[in-house]
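Open the structure in your viewer and set it to a cartoon view. The stops below say what to select and what to look for.

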Amino acid sequence: MAGGGNAIRGSRVGAGPMGEAERGEAAPRQSITYFCSNQHRTLIAFAVEATVPETWDCPRCGLPASFDSDNPPPAPKIEPYKTHLAYVKERRSDKEAEDILDEAIKTLRDRRKAGDIVF
Ligand SMILES: [Zn+2]
C-alpha cells in the first residue's frame with residue numbers, strides 16, 4: 001500500500017533555443033550542449049519544435065548531463081535513492097504511529113463509554 005509519492009519532476013525549462021538554429025536546413029534545428037559531471041560536452045541537435053530534455057545521458061561515460069556546465073547532474077552513485085527510501089520509511093512509521101495513536105484514542109474512548117454505561 002504505497003501511497004502515491006510524488007516523483008521529483010524537474011520543472012520544464014522554457015522553450016527558448018539555447019543554440020543557434022542552423023540556416024539553410026529544411027528543418028530548423030537547435031543545438032543544445034549538455035555537460036556531465038565528468039566535464040564532457042555533448043552537442044545534441046534537436047528540431048526546434050522538439051521538446052528538449054533537461055538531461056541527456058552522456059554518450060561518453062553514461063552519466064546524466066544537463067545544460068548547466070557549472071552544475072551538472074550528480075553521478076547516479078549520489079542519487080537520492082537512499083534518501084528516498086529513508087523518506088518512505090519515515091513516512092510509513094509516521095503513518096503507523098498515527099494509526100496506533102488513533103487506535104489507542106478509540107480504545108480509550110470506547111472504554112470510557114463502556115464505563116459510563118456500566119456505571
Ligand atoms: Zn561524460
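The tour goes from the whole chain to one strand, its partners, a turn and a patch on the surface.

**The whole chain.** Bear in mind that this is a predicted model. Colour the chain by secondary structure: there are 4 strands and 1 helix. Read from the N terminus, the order of elements is β-β-β-β-α. If you shade by burial, 16% of the 119 residues count as buried.

**Strand β1.** Select residues 29–36, which make up strand β1. How many of its residues are buried? The number is 6 of 8, so the strand is mostly covered under a cut-off in which buried means less than 20% relative accessible area.

Now pick Ser31, which belongs to β1. Ser31 counts as buried because its relative accessibility is 16%, and the limit for buried is under 20%. Draw a distance from its C-alpha to that of Ile44: the two atoms are 5.5 Å apart, although 13 residues separate Ser31 and Ile44 along the chain. While the strand is selected, show side chains too; in a regular strand they alternate between the two faces of the sheet.

**The partners of β1.** Add residues 41–47, strand β2. It runs antiparallel to β1, and 7 bridges join the two strands. To see one of the pairs, select Thr33 and Leu43: Leu43 in β2 is the bridge partner of Thr33.

Next add residues 64–66, strand β4. Here 2 bridges make the connection to β1, and the strands again run antiparallel. Select Cys36 and look across to β4, where Ala65 stands opposite.

**The turn.** Go back to β1 and β2 and follow the chain from one to the other. The two strands form a hairpin with 4 residues between them. Which residue in the turn has a positive phi? Select Gln39, in the loop between β1 and β2. Gln39 has a phi of about 65°, a positive value, although it is not a glycine. Is Gln39 buried or exposed? Gln39 counts as exposed because its relative accessibility is 70%, and the limit for exposed is over 50%.

**The helix and a charged patch.** Finally, select residues 81–118, helix α1. Glu98 lies in this helix. Show the side chains of Asp94, Glu98, Asp102, Glu103 and Asp110, and switch on a surface: together these residues form a negative patch.

Methods: Residues are numbered from 1 along each chain as its sequence is written. This is a predicted model: local features need pLDDT of at least 70, side-chain atom pairs count only at pLDDT 80 or more; totals for chains, interfaces and linings use all residues. Side-chain values use heavy atoms; hydrogens and water are left out. Patches are made of residues with over 30% relative accessible area and no salt bridge: like charges are joined within 9 Å, nonpolar side chains (Val, Leu, Ile, Met, Phe, Trp, Tyr) within 5 Å. Accessible areas come from the Shrake-Rupley method with a 1.4 Å probe; for residues, only the protein chains shown count as cover. A salt bridge is a side-chain nitrogen of Lys or Arg within 4 Å of a carboxyl oxygen of Asp or Glu. Lys and Arg count as positive and Asp and Glu as negative; His and the chain ends are not counted. The place of a charge is taken as NZ of Lys, CZ of Arg, CG of Asp or CD of Glu. Buried means under 20% relative accessible area, exposed over 50%, partly exposed in between (1.4 Å probe, protein chains only). Two strands pair if DSSP finds at least two bridges between them.
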